[in-house]
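Here is a short report on a single chain. It covers confidence, core, backbone and charge pairs in turn.

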Amino acid sequence: MTDVNVAAFEEFLHGWMIRQRNYLDDLLSAQQQQQELDDSDRLNLLNRVICHYGQYFEEKSKIAHQNILLLFSPPWFSSLERTFLWVAGFKPGLTFQLVNKTLEDLSENQRQRLSELNQETKRKERELNDELAKVHESMAGPPLVDMIRSHGRVCLSRSFMAEEGTVPSTVKETLENLVTNADALRTETALRVVQILKPAQVLNFFVAVAELQLRIRSLGLDKDAQSGNQG
């Protein structure tokens, strides 16, 4: 993978984050006008937010095809953001933590359905963890995660292309399938949660998601900047 391709994704992410902040402003405005907000306007905003997340996963899939190893230690994320990575993204179970923390007006029926979905999601998470463990075991050398961590930023250099060849193509293909399945689980979980919630609850949930993501990114970038200055 060339520096040009990495730079292109970083440029996309920069623009995506700007739009994320703009959508958060729109969501907060809609949140303050819940009583006056027309249902069609609310649904239109929520659909645009969902499409916004879809654009991120679409661009991410392109990077996966170009160099899957890069997604396991992405240089476009801060060190803090990378601590939240699970199979190259957020853990689907985080969705339920945010819902439970954010929404206090859930009905018993909603809580039951969310609990059942949570258990189903945990089972699928374990299956993906087992598949990733099998990849580790198949490597004759050091554990793949250690290799990824040590080469996470070196992959931007020209010399990495030769080192990348030490990872069998079958392993790369397996990892790419794992990330595809993990992203599908992330998307499926979020959409099924949205279907359980009422439109007003979905709005509050999306506010919480955007605020958390932007806060983690801001804190992470600041922390890395401070560490760089001290170094």
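## Confidence

Which element of the chain has the lowest mean pLDDT, and which the highest? Helix 7, residues 160-164, is the lowest, with a mean of 41. Helix 4 is the highest, with a mean of 95. This is a predicted model, and the mean pLDDT of the chain is 86. Of its residues, 84% reach 70 or more.

One stretch calls for care. Over residues 148-163, pLDDT stays under 50. The model has 22 contacts beyond four places in sequence for these residues. Where pLDDT is low, predicted coordinates should not be read in detail.

## The nonpolar core

The largest nonpolar core holds 58 residues. Trp 76 and Leu 175 touch the most other members. Six elements give two or more residues each: helix 1 (3-32), helix 2 (39-66), helix 4 (94-102), helix 5 (108-138), helix 8 (169-196) and helix 9 (199-230). Helix 1 provides the largest share, 10 residues.

What does Trp 76 contact, once its neighbours within four places in sequence are left aside? The partners are Val 6, Phe 9, Glu 10, Leu 13, Ile 63, Leu 70, Leu 71, Glu 81 and Arg 217. Glu 10, Glu 81 and Arg 217 are thus on the contact list of Trp 76, along with residues such as Phe 9 and Leu 13.

## Positive phi before helix 4

The loop between helix 3 (79-82) and helix 4 contains Val 87. Its phi is near 50°, a positive value in a residue other than glycine. Ala 88 lies in the loop between helix 3 and helix 4 as well. Ala 88 is not a glycine either, yet its phi is positive, about 65°.

Are these two residues buried or exposed? Val 87 is buried, at 6% relative accessible area. Ala 88 is buried too, at 8%.

## The annotated coiled-coil region

An unreviewed UniProt entry carries the annotation "coiled-coil region" for residues 100-138. In the model, the chain over residues 100-138 is 87% helix and 0% strand. The end C-alpha atoms of this stretch are 39 Å apart.

## Salt bridges

How many salt bridges does a search of the whole structure find? The count is 10. One of them pairs Glu 59 with Lys 62, with the closest N and O atoms 3.2 Å apart. Both residues lie in helix 2, 3 residues apart, about one turn of the helix. Glu 59 is partly exposed, at 23% relative accessible area. Lys 62 is also partly exposed, at 41%.

Lys 60 makes a salt bridge with Asp 183, at 2.9 Å from N to O. This pair links distant parts of the chain: Lys 60 is in helix 2 and Asp 183 in helix 8, 123 residues apart. Both Lys 60 and Asp 183 are buried. Asp 183 also forms a salt bridge with Arg 186, with the closest N and O atoms 2.8 Å apart. Asp 183 and Arg 186 are 3 residues apart in helix 8, so about one helical turn separates them. Relative accessible area is 10% for Asp 183 and 1% for Arg 186; Arg 186 therefore counts as buried. Elsewhere, Glu 120, Lys 124, Glu 188 and Arg 192 are joined into one network by salt bridges that share partners.

Technical notes
Residues are numbered from 1 along each chain as its sequence is written. This is a predicted model: local features need pLDDT of at least 70, side-chain atom pairs count only at pLDDT 80 or more; totals for chains, interfaces and linings use all residues. Side-chain values use heavy atoms; hydrogens and water are left out. A nonpolar core is a set of buried Ala, Val, Leu, Ile, Met, Phe, Trp, Tyr and Cys residues joined through side-chain atoms within 4.5 Å. Buried means under 20% relative accessible area, exposed over 50%, partly exposed in between (1.4 Å probe, protein chains only). Helices (H or I, at least four residues) and strands (E, at least two) are DSSP runs, numbered from the N terminus. Contact means heavy atoms within 4.5 Å. pLDDT is the predictor's confidence in each residue, from 0 to 100. UniProt positions are given in the numbering used here, feature names are shortened, and annotations may be inferred rather than shown by experiment. A salt bridge is a side-chain nitrogen of Lys or Arg within 4 Å of a carboxyl oxygen of Asp or Glu.
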